[in-house]
Amino acid sequence: MQDSTALRLKTSGEMSTDQRGCRFCGEPLEHIVVDLGLSPLCETLTHRDQLNKPEVFYPLRVYVCGHCWLVQVHEHVGGEEIFSDYAYFSSYSSTWLDHAAKYADMITDRLSLDAGSLVIELASNDGYLLKNFVAKQIPCLGIEPAANVAQVAIDMGIPVDVSFFGVETAKRLVSEGKRADLLIGNNCLAHVPDLNDFVGGMKIVLADDGVITIEFPNLLNTLRENQFDTIYQEHYCYHSVFTLEKVFAHHGMRLFDVEHIPTHGGSLRIYVAHDDDANKPVTAAVVEQRRQEIDGGLTDLATFQAFAQRVKETKWRLLEFLIAARREGKQVVGYGAPGKGNTMLNYCGIREDLIDFTVDRNPIKQGAYLVGSRIPIHAPEMIDQVKPDYVLILPWNLRDEIVHQLAHIRDWGGQFVVAIPELEIIR
Ligand SMILES: [Zn+2]
């Protein structure tokens, strides 16, 4: 193993401070990919009445398992505490809604779903996806642990089971006569604290000839595109096809297809079936993706070492830009209040002295403050009132949508800025 300062390999003495092993294979976690310092829970909000109170910060260290290569963070807070009252509502992004509608059309066609099928979505959020199946009169059921978010879907007429998903919930669903012809897990796999219990539950609730589709940010892309801000306490794992093939195989299932999709800065959609489902041969796309991941270095510690260096460089460059703007008397505000923004701002130590405020379309966030940095969140109209020189786009995955929506800031000479994959002023 090569010596390096960026990739600190913990000594056996340090290991004794943390006995938790890999979330999938249980092997000791010896390799730190990147250390983002201390971070609060990134998908929470700070409210005005909390401003005079202390806030809890947790170590945000990413590990890679040297045995199965699963990239993961330790959990400091249980899923129940994080997800019972969750501030993330999918329906506030039009890009996301379009993506969901297109997926529903595609998969209905591909699997010939009809009124006799059952679609189950894990982490169904506010019903942004299942409403498309309701419109097609295909029976569906959402499983969603956050009662406040689930209620929005229920109010739209979407059946939702308010619970955490795992083996126990899966057995109860089967006992109620529910097995999924299509089981959807979009962007939920990262949030699962007990990966084996979750995937074990999928095996149980999947109909004999059913299909699971799962979308997740492409780890290869996360590393290449420097998307370190997608790392936060609430995201326990960062997935690749290479590792997920092992995970599903362990539970008697197999990946038979994979597609590249543009969401979240480059995601993968995998298709999974029971091991003994002979009607679903493995496509060349799976073989190709696995090869790309190995060639791309996902099973090589040096790849993670280079990533750690880029993360630091990003922090330095963003701070240089913000400080220079301040010294020139320019005003910088943010756009968006996503979890990823909180990772970046807290890692970089950016507060109101460098970014006056941010704005968000979600009314639940307006009037509150970004967790940790305590930068105030206003309605988007505030940008028109103060006419800032720069708008730093925090959800860079939606940059095209936001640049289009706010094109009029150019009327007063305003410019857009993104920090990832590297600092760029969009002219
Ligand atoms: Zn492992």
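Which residues are buried in α9? In the predicted model examined here, Val241, Phe242, Thr243, Leu244, Glu245, Val247 and Phe248 of α9 are buried. Helix α9 spans residues 241-250, and because seven of its 10 residues are buried, the helix is largely enclosed by the rest of the structure. The packing partners of these buried residues are α7 (195-205), β9 (206-217), β11 (253-261), β12 (267-274) and α10 (284-295). After α9 comes Gly252, which has a positive phi near 75 degrees.

The overall architecture of the chain was then characterised. The chain contains 14 helices and 19 strands. Its radius of gyration is 22 Å, which agrees with the value near 22 Å for a compact globule of 427 residues. Along the principal axes, the C-alpha atoms occupy a box of roughly 65 × 55 × 40 Å. Buried residues make up 57% of the 427 residues. Among the contacts in the chain with a separation of 6 or more, 71% are between residues 24 or more positions apart. The exposed area of the chain is about 17800 Å², and carbon and sulfur atoms supply 50% of it. The chain carries 39 positive and 58 negative charges, and the mean positions of the two sets lie 4 Å apart.

The cysteines were examined next. Zero disulfides are present in the structure. Cys188 takes part in no disulfide, and the nearest cysteine sulfur, that of Cys237, is 12 Å away. Since its relative accessible area is 5%, under the 20% limit, Cys188 is classed as buried. Cys22 likewise counts as buried, at 5% relative accessibility.

Two residues in regular secondary structure illustrate local packing. Thr108 is located in helix α3, which covers residues 94-110, and is buried, with a relative accessible area of 14%. When residues up to four places away in sequence are not counted, Thr108 touches Leu113, Phe133, Lys136 and Ile138. Tyr58 belongs to strand β3, residues 58-64, and counts as buried at 17% relative accessibility. Beyond its neighbours within four places in sequence, Tyr58 is in contact with Gly37, Leu38, Ser39, Leu41, His76, Val77 and Gln233. By contrast, the C-alpha atoms of Tyr58 and His274, residues 216 apart in sequence, are 38 Å apart in space.

Backbone geometry was also considered in the loops. Ser112, in the loop between α3 and β5 (119-122), adopts a positive phi of about 50 degrees although it is not a glycine. A positive phi, near 65 degrees, is also found for Asn226, a residue other than glycine; Asn226 lies in the loop between α8 (219-224) and β10 (237-238). The two residues fall into opposite accessibility classes: Ser112 is exposed, with a relative accessible area of 56%, whereas Asn226 counts as buried at 3% relative accessibility. Towards the end of the numbered strands, the loop between β18 (415-418) and β19 (424-426) contains Pro421. The peptide bond joining Ile420 and Pro421 is cis, with omega about 10 degrees.

Methods. Residues numbered from 1 in each chain as written. Predicted model: local features only at pLDDT ≥ 70, side-chain atom pairs only at ≥ 80, totals over all residues. Heavy atoms only, no water. Helix = DSSP H or I, 4+ residues; strand = E, 2+ residues; numbered from the N terminus. Rg over C-alpha atoms; globule rule 2.2 N^0.38 Å. Buried < 20%, exposed > 50% of the residue type's maximum accessible area, 1.4 Å probe, protein only. Contact = heavy atoms within 4.5 Å. Areas by Shrake-Rupley, 256 points an atom, 1.4 Å probe, with all protein chains shown as cover. Lys, Arg positive; Asp, Glu negative; His and termini not counted. Charge placed at Lys NZ, Arg CZ, Asp CG, Glu CD. Disulfide = S-S within 2.5 Å.
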